[in-house]
Amino acid sequence: QDTGRRPVHLGMTSGATSVCDFRKLPRPALNRLAAHYGLKPESSLASSSLAVAVSEAFACEAVDEEQVLLGLLRHDASRGRRGSSNGRLEKRATTAAARGGKPSGARGVGAPNGHASATPRNSKRARGMTYGDMISAALKALPSRRGTLEDIYSVIEEEFSAQLNTELEAGPRQVPVWKASVRKIINLNSVRFHRTSATDASGHTIFELAKGAS
């Protein structure tokens with residue numbers, strides 16, 4: 001049965017492109033993606049060549065690239081949390097976040113007693129938005145349509161609090177999953193977002209929408 005997916009072989013030139021720059025991923029992540037797409041690269045194959053092959057395979061699928069990328073990031077984060085006493089709750093939180101909902105037991109931003117507000121601000125606008133959409137909306141709302149990560153965090157937290165996964169990411173930094181996801185997306189998705197050479201008074205990098213991005 002024809003599934004509509006084109007077979008991709010290492011070294012082929014298909015012309016397919018992806019908005020994600022897979023060259024920025026570490027080799028272990030590229031190897032996992034290659035295995036997922038049925039690619040069998042030689043161990044001596046350069047990471048840049050493997051990234052091209054993975055990008056072509058990824059672009060051939062009719063998927064939401066940002067959601068797939070977030071899924072991979074959450075998978076890596078969940079591996080670091082295995083064995084913790086609240087592993088079951090974290091799994092529910094990840095599943096709920098992937099579906100665009102509020103994870104059970106997660107503390108809502110600005111909500112009393114750990115419950116999300118019954119009437120979240122701008123809930124109609126936020127429903128179904130990806131973190132990439134939220135970043136775009138935040139940049140458009142900022143002066144000159146540009147700002148630092150902290151500026152972007154502030155707008156997203158103000159406008160889309162009901163949609164955010166506030167569980168803490170594994171690791172020494174202990175930052176909310178949604179902030180870690182926003183940081184990774186804005187740095188990886190160079191087609192949609194542009195990291196400028198400018199900084200604010202504190203030396204923080206300023207981001208803006210990439211040329212032609214909406």
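Let's start at Ser 181, which has a relative accessibility of 4% in this predicted model. Because the cut-off for buried is under 20% relative accessible area, Ser 181 counts as buried. Where does Ser 181 sit? You will find Ser 181 in helix α8. Leaving aside residues up to four places away in sequence, Ser 181 touches Leu 70 and Tyr 131.

One of those partners, Tyr 131, leads us to another helix. Helix α6 covers residues 131-141, and it is mostly covered, with eight of its 11 residues buried. The buried residues of α6 are Tyr 131, Gly 132, Met 134, Ile 135, Ser 136, Ala 137, Ala 138 and Leu 139. So when you look at Ser 181 touching Tyr 131, you are looking at a buried residue of α8 meeting a buried residue of α6.

Now go back to helix α8 and look for aromatic rings. How many aromatic pairs does a search of the whole structure find? The search finds one. The partners are Tyr 153 and Trp 178, with ring centres 5.7 Å apart and an angle of 80° between the planes. The pair is edge-to-face, because planes over 60 degrees apart count that way. Tyr 153 belongs to helix α7 (residues 149-159) and Trp 178 to helix α8 (residues 177-188), so the pair ties together parts that are 25 residues apart in sequence. Are these two residues buried or exposed? Tyr 153 is buried, with a relative accessible area of 7%, and Trp 178 is buried too, at 1% relative accessibility.

Let's widen the view from the two rings to the two helices that carry them. Two packed helices are described by the angle between their axes and the distance between the axes. For α7 and α8, the angle is about 130° and the axes are 11 Å apart. That angle makes α7 oblique to α8, and their crossing is right-handed. On the α7 side, the contact is made by Leu 149, Ile 152, Tyr 153, Ile 156 and Glu 157. On the α8 side, Trp 178, Lys 179, Val 182, Arg 183 and Ile 186 take part. Notice that both members of the aromatic pair, Tyr 153 and Trp 178, appear in this contact.

Next, travel towards the start of the chain. Helix α1 (residues 27-36) packs with α2 at an angle of about 40°, and their axes are 10 Å apart. Here the crossing is left-handed. The residues in contact are Arg 27, Leu 30, Asn 31, Leu 33 and Ala 34 of α1, together with Ser 47, Leu 50, Ala 51 and Val 54 of α2.

Stay with α2 for a moment. This helix runs over residues 47-59, and its 13 residues reach 18 Å from the first C-alpha to the last, close to the 18 Å expected. Its buried residues include Leu 50, Ala 51 and Val 54, which also help to make the contact with α1. Val 52 is in α2 as well, but it is partly exposed, with a relative accessible area of 44%. Val 52 and Phe 22 are 30 residues apart in sequence, and their C-alpha atoms are 7.4 Å apart in space.

Finally, step back to see the whole chain. It has eight helices and three strands, which run α-α-α-α-α-α-β-α-α-β-β from the N terminus on. Of its 214 residues, 39% are buried. Among contacts with a separation of 6 or more, 57% join residues 24 or more positions apart.

Terms used
Residues are numbered from 1 along each chain as its sequence is written. This is a predicted model: local features need pLDDT of at least 70, side-chain atom pairs count only at pLDDT 80 or more; totals for chains, interfaces and linings use all residues. Side-chain values use heavy atoms; hydrogens and water are left out. Rings of Phe, Tyr and Trp (its six-membered ring) pair if their centres lie within 6.5 Å; planes under 30 degrees apart count as stacked, over 60 as edge-to-face and the rest as tilted. Helices (H or I, at least four residues) and strands (E, at least two) are DSSP runs, numbered from the N terminus. Buried means under 20% relative accessible area, exposed over 50%, partly exposed in between (1.4 Å probe, protein chains only). Contact means heavy atoms within 4.5 Å. The expected span of a helix is 1.5 Å times one less than its number of residues. Axes are lines fitted to C-alpha atoms, for helices over the stretch in contact, and angles run from 0 to 180 degrees between N-to-C directions. Angles under 35 degrees count as roughly parallel, over 145 as roughly antiparallel, 65 to 115 as roughly perpendicular and the rest as oblique. A crossing is left-handed if the near helix is turned anticlockwise from the far one by less than a right angle, and right-handed if clockwise.
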